[in-house]
Amino acid sequence: MTKMSSWNYVATTHNPSSVSHSCVGNFTSPDDRNLILAKGNRLEIHRITGDSISLMMDIPIYGSIQTLQKSYPGDHDSCNLVITTKKHQIIVLQFDAKSQELITRAMKDVSALKGRPPDCREVIPFDDEGHLKDPFSKYLEEPIILDIKFLFGYENPTIAVLYQECLMNDDARYIKTYEIILEDQQFVEGPWSLTAIDNGAHLLIPVPQTLGAVLIIGEFEIAYFDFDAKVLKRLEISQSAFLGYGTTDGSTYHLWDIAGLLSLLIIERENDTATPTNLRLVHLGETSIASSISYLDNNVFFVGSSHGDSQLVMTNLHPDAEGSFLKVLKRYTNLGPMVDFCAVDLEKQGQCQVVTCSGEFKDGFLGVVQKGIGIDEQVYMKLQGIKEMWSLKTSVDESFDTFLVVSFVSETRVYAMNPEGKLQGTEIKGLLSQVQTLSCHSAMYSQLVQVTPNSVRLVSFTSGELRDEWHAPVGSTVNVATANASQVLLATGGGRLVYLDIGDGKLAEKEHADLEDEVSCLDINLIVDDDPKYSQLAAVGTCTEISVRVFSLPKLTLLTTELLGGKITPQSVLLCAFEGISYLLCALEDGHLFNFQLDTRTGKLKDGEKVSLGTGPITLRAFSSKSATQVFAASDTPTVISSSNEKLLYSNVNFTEVSHMCPFRSADFPNSFAFASDDEVTIGTIDDIQKVQVRTISLEQQPLCICHQKQTGTLGICSVEKHGKSESHFVRLVADKTFDILSTHPLEASEQGCSILSCSFTGDENFYYCVGTKYGDPDEAFPTKGRILVYLVKDMKLNLIYEKKTEGAVHSLHAFHGKLLAAIKISIQLQEWILPDLILEAECRYDGGARLPCVQTRGDFIFFGGEGPSVCLLKYKHEEGVIVGQGSEWELNPNSTSATEILDGDIYLGAENRFNLFTLKKVDEGRGFSKLEVVGEYHLGELVSRFRHGSLVMRQPDSEIPTVIFGTVGGMIGVIASLPEEQYILMEKFQSTLRKVIKGVGGLSHELWRSFDNNHRTAQARNFLDGDLIESFLNLSRDKMDEISTCMDVPVAELRKKVEELTRLH
């Protein structure tokens, strides 16, 4: 693998999943009710049908969505969407039902207003048709504004402003109204103001159908105020902190709090008039912690969450046994807020699964994210001890399989699908059931062939009679066998190969050959170049020689012998063809696979490659998907082998373990397969493409940081559990495969876990978990004490063997030259592990001047960033035992760094809290000094919480492009791949061409979207490519592809090939 470079390719593997905004309206047509969701820079349009929703469109926006509102222009029956972005752009979108396309009604860039003082408010008028007019700003004199809402019913736009005079929590709150005179671009004093309101008031809800009415949500009181009717109604409530609301019909409102408790506020009116008689609050139950709530219909509403999973929820008329009126109909997984993750390569194949720390408070969970091909399970049945299985048709010309033959050590069973769509035991006349079957296949002339240890049987499917039988020589048995519709190849003890032809009622032994070695596996699968009924070649794996041989049929002439080396026996061989190229695949008992290109005329093998697909035996079976040949490698890590652009691809299957697989296409399940594991058979379909598979492990508390210890097969996690206003913190040990909690160690009162590391120390063969903590209030800026805790895993339990007090929070821990590097408060400290005392002693330190949570190491270098305007590079000098600055501090910007990583010895990667990425290069200045020079800048639009080296896909044998995985607070997972300079230059030109052809939704500019912007400086993106834009080429129409091809002067096929290669990076 080559070194990482400063020419980087950024691509999304898992889209942002946190829902920030939602609304319901008739968007796609007057007859459609739609749920519209905002997730980062993506807009999702769903159709509402009864008590369910279905995704219609998932639309990328060239901007992070800041607000989302619906608007019905004029007398239109369909609504527009009004969206603002974090880069101060506003767009108005309409859907054209005829063309099924989004139309931009208006777009306005108001970024020129963003430099105004914070007490200035921007006003952006638009007319009844949705056209935007010139914006303007106005100063508001209120010191601390808590909420602003437009009120209903007034001729001129009128706003209510909730504010307080100072930051004291108990300071009085006030409401003032302003009328906006658009012609003069002026704010004038509004119709009313209020002073006597709850000191905890923080939220305003304008009430429709009533002139100027508003609900005021406080900490101890909810008030309804109607200035026109001179009505003020108050409802005392127990202390609560409602965060937001969702409207149903103008008289009822869903209110939610930080604990996920949902209440229904009801305005009771007299005789259906506008005048309220009473306010009533009904506690409904518990949902995910909401960020938005949208009422759909029939007591069903959507809970959008950026704190945990989103939910579709129904309100029942009567409470359940636990007093809840709520029933969750469906959950929608959200990986946000993702505060940490680790990349775990359990199978040591170069493909990682990502384990995330996701969710907040009670909605906390571990997310397990894996890229692979999914299996959609349709039917399963418990069966133990399966040795092999095959599907049979009553005739080779039939479209569907009728029977599933399953072989065990001493018997054979037959199954078929019953009318209820379940597997049911049956029998085939003439098929022996009291013996193990070594091979079974549908044969020509409506026959089947069954190979047992003693014979080969040819049976009529029509009558069930035994039409012919070949017997093994006296004193020997059949060890392995393979068959197709017209041929049988078997091996008996002593290395004898026997070849049989299948005729109408006749088995004819055509040839035999004696080898000097025992045979372990055979195959005579038909290849594209062969006669459609007869294989011309046979593949044979041998035990002692550890080789694979190719023979010609029917003469069993040896054509090629390929020595595999080592001592591991071939387990399975397969002849197959991908994209017109013939291959021989040979799988070993230890999980390795050889692939060779095969010359079908000469039998010669070439271009052999060896890859690891797991750790256990592999069996190979070819199948067809969309008219293309693929191979299923059944093992402890099931894999699908395919080809693209004449390159073999290996895709993990998200199935725990498969020992055998065969196609089983029944009338009920026409595209299905049978999968056997240790204790069950599953009938299911295989996805056509690799997908991101996500599963969640609920903790009912919030995970804060995580690491993996492969030596013990465990994960270490720091977590927090909320109890009202109090917290309890823990260190937990979790199994890395089952995710069972194995051990829990509570931290001390007011102590919180900040960092966790798995490491070993010089001279000590043990591997330890090291945990960094802090004491004090969670919001305390600079805690003055903490601890470093060292745990040893014994009998799958956490054992605390050492603790060391520190003078501040331990933000970060790293293994460093057999020692422990700790970022404590504002310093970098190196701790040495002293044997045999098993204690940590400080060796040296470097003071950084700000909190340093983002630290990475490589070799002797330490790269850090933190809550300050700079990043810095340090070097550890072994001989002197000191850490020194490299004169390399770079004044990044006024924003804090959120994550860092070292790409190689000279290139450094960072993310900051204005959603930008940057790369730095170490430049030597002589005399042992160097500086960091900015070489790359890019606006990601998401806050990165962690970088980790690793790959989400199985690395191809010839892959030379390294990748870094990143996770964001919004639930996005992506990769940054370092490209060779020549490839980067070509793709940069390709990206520029795509920008001209693919127009952004709402007229938003891709170039502006990806421009570095830290609120103080804006610069065009450089040395970063947008993989999402580049890969969208594959979804374009042929006309668009041709247009881009012409501009690039590169054929479409070549462009497709280059883009597909990039997609395989993630």
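Q: Helices (H or I, at least four residues) and strands (E, at least two) are DSSP runs, numbered from the N terminus; between which two strands is P337 found?
A: P337 is found in the loop between β27 (326-332) and β28 (340-344), and the peptide bond that leads from G336 to P337 is cis, with omega near -10°. This is a predicted model, in which local features need pLDDT of at least 70 and side-chain atom pairs count only at pLDDT 80 or more, while totals for chains, interfaces and linings use all residues. Residues are numbered from 1 along each chain as its sequence is written, and side-chain values use heavy atoms, with hydrogens and water left out.

Q: Why is R457 called buried?
A: Buried means under 20% relative accessible area, exposed means over 50%, and partly exposed lies in between, with a 1.4 Å probe and protein chains only. R457 has a relative accessible area of 9%, and therefore counts as buried. Its place is in strand β38 (residues 455-460).

Q: What makes the reach from the side chain of R457 to the backbone oxygen of G430 a polar contact?
A: A polar contact is a pair of N or O atoms within 3.5 Å, where, within protein, one must be able to donate a hydrogen and the other to accept it, and residues adjacent in sequence count only if both atoms are side-chain atoms. The side chain of R457 reaches the backbone oxygen of G430 at 2.9 Å, so the distance falls within that limit. Contact in general means heavy atoms within 4.5 Å, and the residues that R457 touches, leaving out those up to four places away in sequence, include G430, L432, D468 and E469.

Q: Why is P617 called partly exposed?
A: The relative accessibility of P617 is 47%, which places P617 in the partly exposed class. P617 sits in the loop between β51 (605-612) and β52 (619-625), and the residues touched by P617, not counting those up to four places away in sequence, are Q571, L588, E589, A634 and S635.

Q: What makes the phi of Y445 worth naming?
A: Phi of Y445 is near 65°, a positive value in a residue other than glycine. Y445 has its place in the loop between β36 (439-443) and β37 (447-451), and, because its relative accessible area is 45%, Y445 is partly exposed.

Q: How do you know that the radius of gyration of the protein chain agrees with a compact globule?
A: The radius of gyration is taken over C-alpha atoms, and the globule rule is 2.2 Å times the number of residues to the power 0.38. For 1066 residues a compact globule would have a radius near 31 Å, and the protein chain has 34 Å, which agrees.
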